[in-house]
Amino acid sequence: MTERITILNSQLTDERVQNEQLKDQLSKSKQDSKLLKTKLKDAARDLKKLMKEREKLIDICNSLKSQLNKIAQEQAQLK
């Protein structure tokens, strides 16, 4: 009987250790999740900013093309 109690106590200790390890893993997973959410929000914000900048650059490019075409037409008329 004493041997059985010793075995059960040992198993209980093992289960407690395993339980603590799982708690630690869960805590780390939650921290990782928070970090990933923050990074995702930052990336989304950066993407929106880049999309706005891209639109501005496209507008500038179109404006420059238009100006170049006008100059080319004026040059063609002078010839």
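Which side chains meet in a salt bridge with a distance of 3.5 Å from N to O? They are the side chains of Lys28 and Asp32. Before we look at this pair again, let us get to know the chain as a whole. Keep in mind that this is a predicted model.

## The overall picture

The chain has one helix and zero strands. Its radius of gyration is 34 Å, well over the 12 Å that the globule rule gives for 79 residues, so the chain is more spread out than a compact globule. You can see this outline in another way too: along the principal axes, the C-alpha atoms fill a box of roughly 115 × 15 × 5 Å. Helix 1 covers residues 2–78.

For a feel of distance along the chain, take Lys49 and Gln21. These two residues are 28 residues apart along the chain, and their C-alpha atoms are separated by 42 Å. Lys49 lies in helix 1, and this residue counts as exposed because its relative accessible area is 52%, where the cut-off for exposed is over 50%.

How much of the chain counts as buried? The share is 0% of the 79 residues. The chain exposes about 7,900 Å², and carbon and sulfur atoms supply 58% of that area.

## Pairs of opposite charge

Side chains of opposite charge can pair when their charged atoms come close. A search of the whole structure finds four salt bridges. Here are three pairs, including the one from the opening question.

| Salt bridge | Closest N and O atoms |
|---|---|
| Lys28 and Asp32 | 3.5 Å |
| Arg45 and Asp42 | 3.1 Å |
| Arg54 and Glu55 | 3.6 Å |

Now for where these partners sit. Lys28 and Asp32 both lie in helix 1, four residues apart, which is about one turn of the helix. Lys28 is partly exposed at 49% relative accessibility, and Asp32 is partly exposed as well, at 32%.

Arg45 and Asp42 are separated by about one helical turn, because they are three residues apart in helix 1. With 29% relative accessibility, Asp42 counts as partly exposed.

In the pair of Arg54 and Glu55, is Arg54 buried or exposed? Arg54 is exposed, with a relative accessible area of 52%. Its partner Glu55 has a value of 42% and is partly exposed.

## Patches on the surface

Some charged residues form a group on the surface. Lys30, Lys34, Lys37 and Lys41 gather there in a patch of positive charge. One of them, Lys41, has its place in helix 1. Lys41 counts as exposed because its relative accessibility is 62%, and exposed means over 50%.

There is also a nonpolar patch on the surface. Which residues make this patch of about 310 Å²? They are Leu57, Ile60 and Leu64. Leu57 is placed in helix 1 and is exposed, with a relative accessible area of 56%.

## Charges across the whole chain

Finally, let us step back to the full set of charges. The chain has 18 positive and 12 negative charges, and the mean positions of these two groups are 8 Å apart.

To bring the picture together: the chain has one helix, none of its residues count as buried, and its surface carries both a patch of positive charge and a nonpolar patch.

Definitions and conventions. Residues numbered from 1 in each chain as written. Predicted model: local features only at pLDDT ≥ 70, side-chain atom pairs only at ≥ 80, totals over all residues. Heavy atoms only, no water. Patch = residues over 30% accessible without salt bridge, like charges linked within 9 Å, V, L, I, M, F, W, Y side chains within 5 Å. Areas by Shrake-Rupley, 256 points an atom, 1.4 Å probe, with all protein chains shown as cover. Lys, Arg positive; Asp, Glu negative; His and termini not counted. Charge placed at Lys NZ, Arg CZ, Asp CG, Glu CD. Helix = DSSP H or I, 4+ residues; strand = E, 2+ residues; numbered from the N terminus. Buried < 20%, exposed > 50% of the residue type's maximum accessible area, 1.4 Å probe, protein only. Rg over C-alpha atoms; globule rule 2.2 N^0.38 Å.
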